[in-house]
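I opened this notebook to keep track of what I looked up in one protein model, entry by entry. The residue contacts come first, and the overall figures follow.

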Amino acid sequence: FNKKLKDVWTEDERTYIYKNFLKEALLSARVKTNAKKVIDELNKLGHDLFILTARGNKHCKNIEEETLEVLKTKKINISKVYYCGPKKSSLAKELNLDLMIDDNINVYNEIIKENIKCLRFGIDVKNWDEVLAYINNMEE
């Protein structure tokens, strides 16, 4: 998203889009197929589930509270949500995560440098059922 925006739009155009559409896009995103079912199963198995998100910036006022409300409304049970910007690796290390799942190649590269297992959503795992299978295999 950012790379494409930087390549084709001016800073003023990007700012206009962020101010007028980013928050709405973030809050209206659909839950991926079987995500809730898998999250519920992982919770039943006793896993602590965290979201480390880059959401929130100068154009998205109150995004933190609204994100929590979306999770609550959709009954998605997450242990904690961290708003950490795009640099997630230091927080992942501090939390002593066993596994991180992200779709951003830059985050993936940072995480593996911290010796934390990381899966790229859409590459290493294509859907939430594959996430659950991977975690179940880790535990065996």
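Entry 1, a core residue. I began with Val131 and found that, leaving aside neighbours within four places in sequence, it is in contact with Ile101, Phe121 and Val125, where contact means heavy atoms within 4.5 Å. I then looked up the largest nonpolar core, a nonpolar core being a set of buried Ala, Val, Leu, Ile, Met, Phe, Trp, Tyr and Cys residues joined through side-chain atoms within 4.5 Å. It has 17 residues, of which Ile39, Leu42, Ile78, Trp128 and Val131 touch the most other members. α3 (35-44) and α7 (128-139) each supply at least two residues of this core. Apart from it lies another core, of 10 residues, and I noted Leu52, Leu91, Ile111 and Cys118 among them.

Entry 2, the basis of the values. I am working from a predicted model, in which local features need pLDDT of at least 70 and side-chain atom pairs count only at pLDDT 80 or more, while totals for chains, interfaces and linings use all residues. Residues are numbered from 1 along each chain as its sequence is written, and side-chain values use heavy atoms, with hydrogens and water left out.

Entry 3, the elements and overall dimensions. I listed 7 helices and 4 strands, taken as DSSP runs numbered from the N terminus (helices H or I, at least four residues; strands E, at least two). From the N terminus on, their order is α-α-α-β-α-β-α-β-α-β-α. The radius of gyration, taken over C-alpha atoms, is 16 Å, close to the 14 Å that the globule rule gives for 140 residues, so the protein is as compact as a globular protein of that length; the rule itself is 2.2 Å times the number of residues to the power 0.38. Along its principal axes the C-alpha trace spans about 50 × 35 × 25 Å.

Entry 4, burial and long-range contacts. Buried residues make up 30% of the 140 residues, with buried meaning under 20% relative accessible area, exposed over 50%, and partly exposed in between (1.4 Å probe, protein chains only). Among contacts between residues at least 6 apart in sequence, 55% join residues at least 24 apart.

Entry 5, a strand residue. Which residues does Thr53 touch, not counting those up to four places away in sequence? I found Val81, Tyr82, Tyr83, Cys84, Gly85 and Lys88. Thr53 itself is in strand β1 (residues 50-53) and counts as buried, at 12% relative accessibility.

Entry 6, loop residues. I checked backbone angles and found that phi of Lys75 is near 55°, a positive value in a residue other than glycine; Lys75 lies in the loop between α4 (63-73) and β2 (80-83) and is exposed, with a relative accessible area of 62%. For Asn96, phi is near 55°, again a positive value in a residue other than glycine, and Asn96 sits in the loop between α5 (89-94) and β3 (99-102), where it is exposed with a relative accessible area of 62%.

Entry 7, a pair distant in sequence. Is Asp48 buried or exposed? At 58% relative accessibility, I recorded Asp48 as exposed, in the loop between α3 and β1. Asp48 and Ser79 are 31 residues apart in sequence and 5.8 Å apart in space, C-alpha to C-alpha.
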